[in-house]
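Trainee: Could you take me through one part of this model up close, the place where the helices and the sheet come together? I'd like the details residue by residue, and then how they connect.

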Amino acid sequence: MSTATTLYTPQVLGLATELALYPLDDSLTFKGSSRSPVCGSAIEIGCELNRGETIDRIGMKVHACAIGQAAAAIFAKAASGNDREKLSLALGQIEDWLSGKRSELPDWPELQAIAAARDFPGRHGAILLPWRAALDALP
């Protein structure tokens, strides 16, 4: 099976198209960004927080492969209600999972859609971008 067939499944490609639901809007108060030095993928995130200091609304501008785009959509779909602490914990779990320090899939909805990318270290930086950018954005 080719790398493209393994990585770019219909589910991954479908998730990538869902980014259209999260446009980056200038009215979003908190902004952050991240770039992968390995592949050059980049993301800009804007968000609004509710009074509980959790993400209420999010927008993104993503320049990445389909895996990076799918990761961003997976992040955006479940970002609401998360605060800095929860995002930091999730990022650590995903980093540990990608590096092999953790065998079980981290507890983030739909992450299984990009699980095959764990075997492709060149994609790891793109996967981590949305969590890193969100942490950069949050106060």
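Mentor: Sure, let's start with a helix pair: Val12, Leu13, Leu15 and Ala16 of H2 meet Ala66, Ile67, Gln69, Ala70, Ala73, Ile74 and Lys77 of H3. Sorted by class, that contact has nine nonpolar residues, one polar and one charged. Keep in mind that this is a predicted model. Two packed helices are described by the angle and the distance between their axes. Here H2 (residues 10-17) and H3 have axes that come within 7 Å and cross at roughly 65°, and the crossing is left-handed.

Now follow H3 to the sheet. H3 covers residues 66-79 and lies across E2 and E3, with its direction at about 170° to that of E3. On the sheet you also find H5 (residues 124-137), which touches E1 and E2 and makes about 140° with the direction of E1. E2 is touched by H5 and has H3 lying across it, and seven of the eight residues in E2 (residues 42-49) are buried.

What about the sheet itself? Strands of a sheet pair through backbone hydrogen bonds, either parallel or antiparallel. This sheet is open, has three strands in the order E1-E2-E3, and its pairing is antiparallel. E1 and E3 are the edge strands, each pairing on one side only. From one strand to the next, the twist averages 20°.

Take the E1 side of the sheet. E1 (residues 30-35) and E2 are joined by six bridges and run antiparallel. If you want to trace the register, Ser33 has Glu44 in E2 as its bridge partner, and Ser34 stands opposite Ile43 in E2. The two strands form a hairpin with six residues between them, and in the turn Gly40 has a positive phi of about 85°.

The E3 side goes in a similar style on the page. E2 and E3 (residues 55-63) run antiparallel and are joined by eight bridges. Ile45 stands opposite Met60 in E3, and Glu48 has Arg57 in E3 as its bridge partner. This hairpin has five residues between the strands, and Glu53 takes a positive phi near 65°. As for side chains, in a regular strand they alternate between the two faces of the sheet.

Back to the loop between E1 and E2, where you'll find Ser36. Is Ser36 buried or exposed? Ser36 counts as buried because its relative accessible area is 3%, and the cut-off for buried is under 20%. The Ser36 side chain reaches the backbone nitrogen of Cys39 at 3.4 Å. Setting aside neighbours within four places in sequence, Ser36 is in contact with Ser41, Gly125, Ala126 and Leu129. So the list to click through for that spot is Ser41, Gly125, Ala126 and Leu129.

Another residue to look at is Asp136, which lies in H5. Not counting residues up to four places away in sequence, Asp136 touches Lys31, Gly32 and Ser33. Asp136 and Ser34 are 102 residues apart in sequence, yet their C-alpha atoms are 7.8 Å apart in space. Asp136 itself is partly exposed, with a relative accessible area of 45%.

To finish, have a look at Glu104, in the loop between H4 (84-99) and H5. Glu104 is partly exposed, with a relative accessible area of 45%. Its side chain makes a polar contact with the side chain of Ser103, at 3.4 Å. C-alpha to C-alpha, Glu104 and Gln93 are 9.5 Å apart in space, and they are 11 residues apart in sequence.

Technical notes: Residues numbered from 1 in each chain as written. Predicted model: local features only at pLDDT ≥ 70, side-chain atom pairs only at ≥ 80, totals over all residues. Heavy atoms only, no water. Buried < 20%, exposed > 50% of the residue type's maximum accessible area, 1.4 Å probe, protein only. Helix = DSSP H or I, 4+ residues; strand = E, 2+ residues; numbered from the N terminus. Pairing = 2+ DSSP bridges. Axes fitted to C-alpha atoms, helices over the stretch in contact; angles between N-to-C directions. Contact = heavy atoms within 4.5 Å. Polar contact = N/O pair within 3.5 Å; in protein donor to acceptor, adjacent residues only side chain to side chain. Left-handed = near helix turned anticlockwise from the far one by under 90°. Nonpolar A, V, L, I, M, F, W, Y, C, P; charged D, E, K, R; others polar.
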